[in-house]
Amino acid sequence: MRDLGLPARGHRRVLFVPKTNGVRALLIRMLAALGIFVALFSSTESLHSQTLSGIPGTVTDQSGLAVSDAKVSVDNEDTGVRRSTQTASAGNYYITDLIPGTYTVTVEKQGFKSSVQKNVSVQAATKSTANAVLTVGDTRETVEVTASQISIETEQAQFGTTIQPRLIEDLPQFIGGTVRQIDTLTCLAPGVSVVKMTDGASSPGVSSATRLRGGLTPGVSTDGRIDGGLDFQNEVVFNGVPIAFAEFQGRQYFINPPFDMVKEFTVLQGAFSAQYGLGQGVTQYQFQSGTSKIHGNAFGVYRDAFFDAPGAVNGVNPNGRGIFGEPNTDHETDLGFSAGGPVRIPKVYGGHGKTFWFASIENFRQASAQPPTTVPSQRLVTGDFSGLVVPGTTTQIPIFVPISWQADPSLIPSGCNSGAAPGQQFPGNIIPQNCFSRVSKSLLAFVPKPTSAGEINNFQPTFVPLLTHTVWGFTLDHNINSNQAIHGAYWRNQEQLAGGFVDNPLNNTTTNNWFGSGAAGYLLSCNNPSTNDDCGYELDQ
């Protein structure tokens with residue numbers, strides 16, 4: 001537990017960072033953290049939160065005077081969860097920690113008609129103001145107002161773009177080379193651009209192998225640059241909690257939960273709050289939450305070279321199978337599903353209106369043929385370097401007897417007759433095979449023979465490596481009461497790539513990469529009616 005100091009108004013902010021070595025260790029630490037949360041929450045001191053969504057407002061009567069101690073309730077139209085507070089002496093209120101969506105705001109006060117505002121839209125990491133003017137009358141009477149479809153941020157002066165769920169669902173997604181990336185739609189925000197990588201591939205949406213080759217080059221962007229900023233200068237926030245990545249801060253490829261697990265996100269640019277540490281640009285994501293009914297979706301994408309055109313150069317160069325006039329082998333599948341709803345355990349627990357879950361999984365597989373590569377000729381494999389010259393000239397490149405043999409004769413293979421002293425050129429630039437070490441002899445047997453003449457690109461691989469990329473995750477939201485809630489999210493991101501151009505122990509290696517695995521959440525958020533401030537305990541990994 002790290003105490004991050006005392007921010008304004010004396011509110012204390014506490015950050016819990018669990019280090020996990022497995023699922024069991026994670027559960028133990030989360031339960032321990034929960035016990036600490038409960039103990040801390042029983043104290044009178046409130047805790048300041050990170051960036052959360054909420055609804056602030058002011059309640060007045062028809063003469064413009066503030067109405068204090070009015071009961072304010074907000075109801076989520078998707079989950080039916082109600083959050084409530086009371087107005088302060090100045091008539092103001094603030095209900096925080098709201099999942100983005102559509103809400104109904106109800107204001108009640110003895111001696112006044114009830115005020116109901118419907119369709120109040122709450123977006124990720126923003127505050128949607130809902131003021132109310134009460135008229136004298138019976139509380140059983142209701143004055144109903146339909147809120148504007150456009151949510152206006154009046155609490156902070158900041159410039160940003162929110163990509164809402166409908167847009168995420170309706171726009172086509174790029175699929176190819178890897179699982180869907182959550183940052184592919186950031187370029188919809190004005191001022192966000194993507195530059196070319198060193199190998200000529202663009203990001204996002206390029207293959208994993210390409211990203212790993214060119215994506216880590218200093219000065220080369222692999223993600224959106226916000227307002228012309230530098231690489232690795234964007235802050236990434238999930239559910240109000242910033243994700244720290246010391247080496248490549250803001251590089252989304254390493255921080256990629258399931259695409260369908262994201263409900264909406266906001267790109268902040270220009271002037272924004274000083275709470276964002278890096279200050280160049282901010283991408284804020286809000287995770288999905290289950291609703292009062294179980295909903296789900298499934299998708300599948302299949303691509304095969306059988307449906308592809310040969311291309312412009314396939315009549316000149318053969319494809320991966322050595323056939324002219326046909327496209328390269330390329331088989332791709334991308335399958336996944338998502339579901340969410342209330343937590344229900346028959347005869348044990350019914351979480352309708354209190355506890356909600358959402359889970360998502362996506363699996364991408366690609367088997368793609370490889371381009372020609374270069375292997376040593378048979379003359380080189382047998383030790384004959386007499387034809388080895390500087391490209392474009394007739395100048396021979398000399399091969400010397402190892403100088404280390406002079407200092408340590410035990411390094412000389414048994415039976416070796418080099419024909420020259422250590423440090424001198426092998427006669428004829430040919431290494432006698434009796435000077436090959438036992439290790440070299442065993443490895444040379446795996447070197448494939450060229451499939452075409454020439455020294456460059458003389459081998460057409462027939463081995464088709466398989467890339468698999470699986471990402472899964474879930475969210476859990478529990479509403480303790482109308483003022484307190486617990487939220488959590490967890491995801492795992494695994495990529496496995498069979499590398500190499502030939503299927504033998506010399507070259508065929510499998511690379512396993514774990515990206516973005518971790519947990520993020522904020523717990524025990526509340527509404528403080530005395531100060532109209534929000535409070536919360538945070539959990540971040």
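A residue counts as buried under 20% relative accessible area, as exposed over 50%, and as partly exposed in between. This report applies that scale to a predicted model.

**The nonpolar patch**

W472 has a relative accessibility of 34%, so it counts as partly exposed. This tryptophan lies in strand β23. W472 belongs to a nonpolar patch on the surface, together with F337, I361, F474 and L476. The accessible area of these residues together is about 450 Å². Strand β23 spans residues 466-479 and supplies three residues, the largest share of the patch.

**Strand β4 and its partners**

Is strand β4 enclosed or open to the surroundings? Five of its six residues are buried, so the rest of the structure largely encloses β4 (residues 71-76).

Strand β4 pairs with β5 (residues 82-86). The two strands are antiparallel, and five bridges link them. Across this pairing, S73 of β4 faces S84 in β5. The hairpin of β4 and β5 has five residues between the strands. Within that hairpin, G80 takes a positive phi near 75°.

Strand β4 also pairs with β7 (residues 101-108). Here six bridges join the strands, and the sense is again antiparallel. One of the bridge partners can be named: N76 is matched by Y103 in β7.

**Positive phi in the loops**

Most residues other than glycine have a negative phi. Two aspartates in this model depart from that sign. D69 has a positive phi of about 60° although it is not a glycine. D97, likewise not a glycine, has a positive phi of about 60°.

Where does D69 lie? D69 sits in the loop between β3 (54-61) and β4. D97 is found in the loop between β6 (92-96) and β7.

How accessible is each aspartate? D69 is partly exposed, because its relative accessibility of 47% falls between the two cut-offs. D97 is buried, because its relative accessible area of 2% is under 20%.

| Residue | Phi | Loop | Relative accessible area |
|---|---|---|---|
| D69 | about 60° | between β3 and β4 | 47%, partly exposed |
| D97 | about 60° | between β6 and β7 | 2%, buried |

**Taken together**

The loop that holds D69 leads to β4, a strand largely enclosed by the rest of the structure. The loop that holds D97 lies between β6 and β7, and β7 is joined to β4 by six bridges. On the surface, W472 is one of the residues of the nonpolar patch.

How values were computed:
Residues numbered from 1 in each chain as written. Predicted model: local features only at pLDDT ≥ 70, side-chain atom pairs only at ≥ 80, totals over all residues. Heavy atoms only, no water. Patch = residues over 30% accessible without salt bridge, like charges linked within 9 Å, V, L, I, M, F, W, Y side chains within 5 Å. Areas by Shrake-Rupley, 256 points an atom, 1.4 Å probe, with all protein chains shown as cover. Salt bridge = Lys/Arg side-chain N within 4 Å of Asp/Glu carboxyl O. Helix = DSSP H or I, 4+ residues; strand = E, 2+ residues; numbered from the N terminus. Buried < 20%, exposed > 50% of the residue type's maximum accessible area, 1.4 Å probe, protein only. Pairing = 2+ DSSP bridges.
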